[in-house]
Amino acid sequence: QFASYRKKAFSAAIRSDLRQAAIAEQHYELQNGEYAKTIEDLKEAGFRQTDGVTLEIKIIGDVYEIKGTHKSCQQGTGEYVYSNMKGIIEERRACE
């Protein structure tokens, strides 16, 4: 039971960071005329990343995708993705 709660907490942290990073990405684009290419760019603009969460940005033209994982999920699990094209967070692999 406790392990289940922990997995849910890790997943919630990833989703929260993805939401905040998406907002920061939009703000960055308004200020700079282009999307941030790295999480470091977003951090310089004020984004605060949760400990244990790793985010990666991929940009293709006007579309960006941010992938999030958590170090406490088993490798290859706990992957969520936000795309500005779809406007939602998708669970690719649940945290195990």
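Leaving aside its neighbours within four places in sequence, which residues is His70 in contact with? The points below address this and the surrounding architecture of what is a predicted model.

1. Contacts of His70. Beyond those sequence neighbours, His70 touches Phe10, Ala13, Ile14, Asp51, Gly52, Val53 and Gly78. Of these partners, Phe10, Ala13 and Ile14 are also among the buried residues of helix 1. Val53 belongs to strand 1, which covers residues 53-60.

2. Position and burial of His70. His70 is part of strand 2, which comprises residues 63-70. The residue counts as buried because its relative accessibility is 10%, and buried here means under 20%. A polar atom of the His70 side chain is 3.0 Å from the backbone nitrogen of Ser72.

3. Pairing of strands 1 and 2. These two strands run antiparallel and are joined by 8 bridges. Within this pairing, Thr54 is placed opposite Thr69 of strand 2, and Leu55 has Gly68 as its bridge partner. Together the strands form a hairpin with 2 residues between them. In the turn, Gly61 adopts a positive phi of about 60°.

4. The sheet as a whole. Four strands make up an open sheet in the order 1-2-3-4, and their pairing is antiparallel. Strand 1 and strand 4 are at the edges with a single partner strand each, so one side of each has no neighbour in the sheet. On average, neighbouring strands are turned by 20° against each other, direction ignored.

5. Helix 1 against the sheet. Helix 1 packs on the sheet and touches strand 1, strand 2, strand 3 and strand 4. The direction of helix 1 makes about 155° with that of strand 2. The buried residues of the helix pack against these four strands and also against helix 2, residues 39-44.

6. Geometry and burial of helix 1. This helix spans residues 2-32, 31 residues in total. From its first C-alpha to its last it reaches 44 Å, close to the 45 Å expected at 1.5 Å a residue. Its buried residues include the hydrophobic-named positions Leu18 and Tyr28, as well as Asp17 and Glu25. Gly33 follows the helix and has a positive phi, near 75°.

7. Reading the points together. His70 lies in strand 2, one of the strands that helix 1 touches. Its contacts with Phe10, Ala13 and Ile14 involve residues listed as buried in that helix.

Methods: Residues numbered from 1 in each chain as written. Predicted model: local features only at pLDDT ≥ 70, side-chain atom pairs only at ≥ 80, totals over all residues. Heavy atoms only, no water. Buried < 20%, exposed > 50% of the residue type's maximum accessible area, 1.4 Å probe, protein only. Polar contact = N/O pair within 3.5 Å; in protein donor to acceptor, adjacent residues only side chain to side chain. Contact = heavy atoms within 4.5 Å. Pairing = 2+ DSSP bridges. Expected span 1.5 Å × (residues − 1). Axes fitted to C-alpha atoms, helices over the stretch in contact; angles between N-to-C directions.
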